[in-house]
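Trainee: Could you take me through one part of this structure up close, and then show me how that part sits in the whole? I'm new to this, so please explain the terms as you go.

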Protein chains: 2
Amino acid sequence: MKTRLVIIGGSDAGISAALRAREIDREAKVTVVVADAFPNYSVCGLPFFLSGEVGDWHNLAHRTAEEITREGIELLLNHTARSIDPDSRTVLVIDKSGDSRQIAYDRLIIGTGAMPLQPAIAGLELPGVYPLRTMGDSFAVHRHLQEPSACSVVIIGGGYIGLEMADALTLRKLDVTLIEHSPTVLKTVDPILGRLAAAELEKHRVRIINSVGVEAIERTGERLTVHGLGGFYAEADLVLVSVGVTPQVALAQTAGVRLGVRDAIQVNRRMETSVPGIYAAGDCTVTWHRLLERDLYLPLGTTAHKQGRVAGENAVGGNCEFAGSLGTQVVKLFELAVARTGLRDDEACQAGFDPLTVEFESWDHKAYYPGAHRLHFLITGDKQSGRLLGAQLAGHRHAEVSKRIDIFATALFHSMTVEGMSDLDLSYTPPFSSPWDPVQMAAQAWSKARNTSAVSSSSFQSVS
Amino acid sequence: MKTRLVIIGGSDAGISAALRAREIDREAKVTVVVADAFPNYSVCGLPFFLSGEVGDWHNLAHRTAEEITREGIELLLNHTARSIDPDSRTVLVIDKSGDSRQIAYDRLIIGTGAMPLQPAIAGLELPGVYPLRTMGDSFAVHRHLQEPSACSVVIIGGGYIGLEMADALTLRKLDVTLIEHSPTVLKTVDPILGRLAAAELEKHRVRIINSVGVEAIERTGERLTVHGLGGFYAEADLVLVSVGVTPQVALAQTAGVRLGVRDAIQVNRRMETSVPGIYAAGDCTVTWHRLLERDLYLPLGTTAHKQGRVAGENAVGGNCEFAGSLGTQVVKLFELAVARTGLRDDEACQAGFDPLTVEFESWDHKAYYPGAHRLHFLITGDKQSGRLLGAQLAGHRHAEVSKRIDIFATALFHSMTVEGMSDLDLSYTPPFSSPWDPVQMAAQAWSKARNTSAVSSSSFQSVS
């Protein structure tokens with residue numbers, strides 16, 4: 001009998017699951033319930049639509065609805081799943097007109113994603129104040145930006161999306177003020193690299209306000225005023241709020257699935273929930289961390305694709321496991337790329353390692369060849385075992401920062417030592433690298449520092 | 001007692017060995033015998049000096065003589081080692097004025113490098129005909145290029161150096177003709193990518209002649225004529241000959257060391273020769289291939305650095321092994337980067353694997369973001385075991401080709417399967433990649449082709 005696979009959610013995890021299921025089992029009947037009309041959209045691309053770099057928002061789709069249905073996948077667009085009955089194995093869905101119906105499943109995959117965190121700020125409901133998560137949010141911001149009066153913006157939150165929006169709206173000629181309650185922006189990396197990110201933004205006239213908690217937003221005529229602690233205030237025509245996300249699990253809870261860390265859906269590495277026949281994947285679930293060997297809440301598009309693929313394969317009879325995340329990430333801010341993989345020093349400490357983190361700088365390629373850029377590394381390894389624990393890297397967007405962090409990510413995947421990095425046979429020509437690639441020079445600097453750090457109590461070292 | 005370490009050769013392997021020895025043993029007395037006045041020069045940088053991109057040749061040094069001596073390393077510049085007496089553990093060296101002396105060693109490292117192959121072509125000794133290996137060769141070409149009459153060049157040999165010189169001398173406004181006796185240039189990669197390299201050169205008006213063997217060079221007045229089989233001829237003001245290199249082992253033979261493949265010095269993975277107390281490293285030695293698990297002659301700057309480091313460490317009492325080469329290489333030709341790692345299909349066949357090679361194309365990053373470039377992959381894996389055997393990649397020089405091939409190199413280092421590539425947690429943001437990096441999409445295309453290739457007898461497949 002054909003497996004009836006129902007997938008709730010048409011973003012990265014859901015579509016990845018659907019495609020993999022159909023690839024493995026050409027007989028499977030796969031239905032994807034999509035809450036809006038935009039399946040498989042690249043949420044990570046929204047800043048580039050709002051910057052004007054992507055002219056037509058339709059291009060943000062990883063695949064069109066036609067490409068998906070051509071794979072034999074049924075799409076129920078503009079349908080919202082309301083509840084799951086695991087006993088009868090049915091999902092209650094409701095369409096735009098309010099009509100509801102029951103859909104039967106043999107296997108169900110929940111990929112309901114995440115929603116923006118609502119910070120404790122008064123005035124979030126005012127016109128001109130926007131979260132940024134869905135296509136709908138983007139359209140609303142896009143419309144507002146087309147008004148001639150839209151000249152300035154305050155962005156609340158200095159994470160990936162906040163910083164990308166600061167870049168995007170500067171390109172769009174707005175005056176941008178970014179408020180981050182911590183002392184540095186981009187807290188996913190250490191402050192040394194966070195300051196490089198801030199410097200790049202400030203070079204392009206973004207005004208960055210650190211260490212200020214926002215309390216309220218008020219409207220005065222056409223303008224909004226953002227009030228913070230200590231009497232801080234800033235005026236703008238728009239306010240964007242991006243302070244993180246939280247898993248969307250209300251539907252899953254109707255099925256009685258167990259929740260885990262940060263109230264995300266608990267899954268095992270086969271992406272099975274606690275309820276038989278029900279899988280989950282993507283931003284609504286916990287994520288197995290390969291190095292920490294435990295679950296975190298770490299929502300990333302790359303992870304959603306991988307988890308979706310595993311869930312899709314297993315739902316039609318496969319037997320595979322999610323290999324785990326290393327938290328590998330990269331962001332582009334104007335001309336700068338900032339990337340990380342594995343653990344920072346403080347994360348490694350908390351996890352019970354004995355870390356040493358070494359700062360290292362080099363050129364991305366032989367300095368005699370034109371166009372060389374500086375690379376700023378932070379290498380974290382375990383002092384006792386010598387094991388590589390993590391790497392952070394910032395440099396020009398043409399300095400292959402993204403794929404250099406991926407060399408570390410691939411090394412971490414295989415539990416390499418820092419010392420072992422020198423054994424890797426990496427490519428070299430003077431326009432692209434050095435005979436020892438900078439990733440190897442950084443690893444060698446770590447080894448030297450480790451050999452001389454027996455007397456030092458600090459786990460953080462700078463190497464010139 | 002202090003170890004007296006003598007190193008013969010001041011290029012990549014020799015200096016790498018000296019630095020590592022001093023790093024491991026601060027008491028070691030390290031002497032490097034350098035035949036010319038240019039220790040630690042980047043031979044790979046010579047094309048960029050001749051192109052004019054590097055204004056001052058002094059910048060080609062990885063390190064200055066002062067930087068080397070500051071590490072406590074003695075440099076004997078303009079000294080040539082004439083013979084080795086392993087019984088008395090002495091080396092006979094001769095300086096520029098012809099004075100000779102014996103230097104005693106406890107450990108000796110031979111890093112005499114390679115020299116250009118002399119093809120069977122009449123007229124190689126004519127003025128205006130140049131090999132390209134040493135700093136001296138480059139200075140001679142550089143002087144000739146400054147004559148106003150130097151307007152055209154014939155390059156014999158379509159390998160890395162020949163192609164880089166075609167790029168370099170085109171930048172320098174010369175008319176360039178490149179002659180390669182095989183049907184395609186850049187034979188280190190498959191013809192599909194070789195043709196892309198040729199197209200890039202032709203786009204910049206390099207004239208490429210394939211399948212012509214050169215027989216003779218003749219001088220008529222100020223001009224040179226290159227004659228090939230079948231009546232081919234081409235005229236030029238200069239002729240550059242670059243048809244490969246051969247290990248320089250005459251000195252090593254005075255010590256009675258055993259030679260191996262292609263008459264390179266036989267070493268084990270500790271970089272020991274057959275003679276006690278004598279190590280060798282770099283372009284004069286054989287190279288252990290990590291995947292083939294046997295010795296090849298595969299001279300590369302990256303390998304010379306690694307082998308030198310191992311030899312230097314072991315020579316002062318260390319105990320490490322060369323991890324092996326994967327033949328990872330990259331070349332930049334105008335705007336194109338072409339890279340490879342591991343085995344091509346034919347090499348895998350010869351080694352007894354049952355290879356499948358799949359061609360795959362994609363964008364380097366999300367196509368909606370400006371500046372996306374096409375990437376051309378060839379993925380080779382073993383049909384039976386699914387093991388990754390090699391990857392080849394061509395694309396724009398800003399498409400992170402070099403470090404993308406390094407992700408494959410790191411995967412090969414750990415004997416990953418092609419399928420396993422999808423488990424890697426690689427970085428993503430729309431300006432740099434896709435949620436599945438192109439290296440993973442290429443791997444997935446290979447897996448699909450493998451699943452459907454049971455009926456196909458060909459080991460080469462194109463996937464759209």
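**A close look at helix α4**

Mentor: Let's start with how chain A is knitted together: among its contacts between residues at least 6 apart in sequence, 63% join residues at least 24 apart. Contact here means heavy atoms within 4.5 Å. Before we zoom in, keep in mind that this is a predicted model, where local features need pLDDT of at least 70, side-chain atom pairs count only at pLDDT 80 or more, and totals for chains, interfaces and linings use all residues. Residues are numbered from 1 along each chain as its sequence is written, chains are lettered from A and ligands numbered from 1 in the order in which they are written, and side-chain values use heavy atoms, with hydrogens and water left out.

Now for the helix itself. α4 of chain A takes in residues 135–145, and nine of its eleven residues are buried. Two terms need unpacking there. Helices (H or I, at least four residues) and strands (E, at least two) are DSSP runs, numbered from the N terminus. Buried means under 20% relative accessible area, exposed means over 50%, and partly exposed is in between, using a 1.4 Å probe and protein chains only.

Which residues of α4(A) are the buried ones? They are Met135(A), Asp137(A), Ser138(A), Phe139(A), Ala140(A), Val141(A), His142(A), His144(A) and Leu145(A). And what covers them? The cover includes two helices of chain A, α2 (46–50) and α5 (160–171), along with the strands β9 (129–130) and β16 (238–241).

Let's hop over to chain B and pick out one residue. His144(B) is in helix α4 of that chain, residues 135–145. Is His144(B) buried or exposed? It counts as buried, because its relative accessibility is 10%. Leaving out residues up to four places away in sequence, His144(B) touches Gly128(B), Tyr130(B), Ala150(B), Asp237(B) and Leu238(B).

You may wonder how the two chains compare. A rotation of 180° with 0.0 Å of shift along its axis superposes chain B on chain A, with an RMSD of 0.0 Å. The copies are thus related as by a two-fold rotation axis. Both copies use the same surface, too: 100% of the contact residues of chain B recur in chain A. For the superposition, copies are fitted by least squares on the C-alpha atoms of residues with pLDDT of at least 70 in both.

Another helix in chain B is worth a stop. Ala442(B) lies in α11, residues 438–452, and counts as buried because its relative accessibility is 0%. Setting aside neighbours within four places in sequence, Ala442(B) is in contact with Phe360(B), Phe377(B) and Ile379(B). Its C-alpha atom is 7.6 Å from that of Glu361(B), although the two residues are 81 apart along the chain.

Finally, step back to the whole of chain A. It has eleven helices and 26 strands, and buried residues make up 62% of its 464 residues. The C-alpha trace spans about 70 × 60 × 40 Å along its principal axes. With 464 residues, a compact globule would have a radius of gyration near 23 Å, and the 24 Å of chain A agrees with that. This radius is taken over C-alpha atoms, and the globule rule is 2.2 Å times the number of residues to the power 0.38.
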